[in-house]
Amino acid sequence: MSSGFMKRMPAAAGLWLGVAPAAFAAWELNMPVGVTDITHETYRLHMLILGVCVVIGCIVFGAMIYSIFAHRKSRGRSASQFTHSTKVEVVWTTIPFVILVAMAIPAAETLIRIEDTRNSDISIQVTGYQWKWHYNYLDEGVEFFSTLARSSNVARQLGSGVDPYSVDNYLLDVDRPLVVPVGQKVRLLVTSNDVLHAWWVPELSGKRDAVPGFVNDIWFQAREPGIYRGQCAELCGRDHGFMPIVVEVVSEDAYADWLAGQRDAPAVTAGAAAGATGDGADQDWTLDELMARGEEGYTANCVACHQADGHGIPPMFPSLVDSDIVRGDVSGHIDVVLNGRPGTAMQAFGPQLDDVALAAIITYVRNAWGLDSGDVIEPADIEAARTGEQLLAEKTGYPNGL
Ligand SMILES: [Cu+2]
């Protein structure tokens, strides 16, 4: 953004002439015009009100500068001594009042349209997690996690040797984008699984807070197919800057094809970053295979808190190398990873990762960093633990995780 700043300065001049706003869409200092009616409207409002502010600014500062200059002491001027002027007070109360009301009318109209989520064509539940997004197409039986793309995730690690400038859409790319059809009214039901997050794709809509225990909604209706990028817009912890949002707006046919493809895929997968698609759940894996897969899965899902060397960032994120859980019983270890620790940053990974990914990660943790326990955890072990988990959920009435 900063490098383009100087080059683009002259464009500012054109902005005030009311030239077609699309011509300045690339002028990154201003807000984007976006691709929905609402974003066009908010852009117009923004320009209108900015214009009003600039005119007022010119009048007020012009009067001040003129007065200071033309009525200065060295010209022999002396200040008048009145303390009250009802006339002036009425004028400087009434004029701003009228201006504010005049601006509030179109703003309120737009605000009402922004909030009107009725008659939507598609409803998608959006859940913020530390630090990824979960999308659930409510009427379609399709749900998945969307995490930072592997290329960005590698490049952001210190000492990775990868130059972030060489990565396309660095920190603005994900493994699995949200896919929606063009021209349809998409309603998002936004909530959170842990802390406050906020869903924000500037070219599609305004921000919406993701609050645990509440569901906020927002909608958009994209006019043009394309790939639109955004980010979590609420400071949500250590890796807040690493939970981008990518929305792919496609034709209705492409959307139908995509949905059909998703229904055939397992409902919950680890995402491409963990390299797990659910294959191989029935087979027994060797220690070496699990270690290789586990390192990938660990890097994608756990390093943010427990660090690449497993030492964590105590006291916030405990060391796994020195953990009694990791050095102790396999079943206790599986339990923590499957179900998380409610009320802490340790989330339940059971609903997020499949059996193969979990088996690999747990095997990896128990054998990496010189722990060499020799323990091999197979996907079948995870499945067995899950069955227990389900029974518990039935008993308490609280399903785990989601
Ligand atoms: Cu967030």
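Reader: What joins β1 to strand β2, and do they run parallel or antiparallel?

Author: 6 bridges join β1 to β2 (residues 132–137), and the two run antiparallel. Two strands pair if DSSP finds at least two bridges between them, so these 6 bridges qualify β1 and β2 as a pair. One of the facing positions is Val126, opposite Tyr135 in β2. The two strands form a hairpin with 2 residues between them.

Reader: Before we go on, what kind of model is this?

Author: It is a predicted model: local features need pLDDT of at least 70, side-chain atom pairs count only at pLDDT 80 or more, and totals for chains, interfaces and linings use all residues. Residues are numbered from 1 along each chain as its sequence is written.

Reader: How many helices and strands are in the chain?

Author: The chain has 12 helices and 10 strands. These names come from DSSP runs, numbered from the N terminus: a helix is H or I over at least four residues, and a strand is E over at least two.

Reader: Which strand runs parallel to strand β1 (residues 122–129), and how many bridges join them?

Author: That is β5 (residues 186–192), joined to β1 by 7 bridges. Gln125 stands opposite Leu189 in β5, and Val126 has Val190 as its bridge partner there. Val126 therefore faces a residue in each of two strands, Tyr135 in β2 and Val190 in β5, and the bridge counts of β1 with both strands satisfy the rule of at least two.

Reader: What is the order of the open sheet that holds β1, and what is its pairing?

Author: Its 5 strands have the order β3-β2-β1-β5-β8, and the pairing is mixed. β3 and β8 (216–220) stand at the edges, each with a single partner strand, so one side of each is left without a neighbour in the sheet. From one strand to the next, the twist averages 20°; such angles run from 0 to 180 degrees between N-to-C directions, with axes being lines fitted to C-alpha atoms, for helices over the stretch in contact.

Reader: How many bridges join β2 to strand β3 (residues 142–146)?

Author: There are 5 bridges, and the strands run antiparallel. Asn136 stands opposite Glu143. The hairpin of β2 and β3 has 4 residues between the strands, and Gly141 takes a positive phi near 65° there.

Reader: What is the order of the open sheet that starts with β4?

Author: The order is β4-β10-β9-β6-β7, again 5 strands with mixed pairing. β4 (178–181) and β7 (208–210) are its edges, each with a single partner strand, so each has one side without a neighbour in the sheet. The average twist from one strand to the next is 25°. Inside this sheet, β9 (residues 226–232) and β10 (residues 244–250) pair in the antiparallel sense over 6 bridges, with Ile227 opposite Glu248. β6 (residues 197–200) is joined to β9 by 2 bridges, so this antiparallel pair meets the rule of at least two.

Reader: Why is α11 said to be largely enclosed by the rest of the structure?

Author: A residue is buried if 20 or more other C-beta atoms lie within 10 Å of its own, exposed if 12 or fewer, and partly exposed in between, with C-beta atoms placed from the backbone. In α11, 12 of the 13 residues are buried, so the helix is largely enclosed. Among them are Asp355, Tyr364 and Arg366. In the chain, buried residues make up 28% of the 402 residues.

Reader: Why does the span of helix α11 agree with its 13 residues?

Author: The expected span is 1.5 Å times one less than the number of residues. For α11 (residues 355–367) this gives 18 Å, and its end C-alpha atoms are 18 Å apart, so the two agree.

Reader: Why is the largest nonpolar core said to lie between domain 2 and domain 3?

Author: A nonpolar core is a set of buried Ala, Val, Leu, Ile, Met, Phe, Trp, Tyr and Cys residues joined through C-beta atoms within 7 Å. This one has 60 residues, and Leu188, Val247, Leu358, Ala359, Ile361 and Ile362 touch the most other members. Its largest share, 9 residues, comes from α11. Domain 2 (122–265) and domain 3 (274–396) both give residues to it, so the core lies between them; the bounds come from an automatic or database domain assignment.
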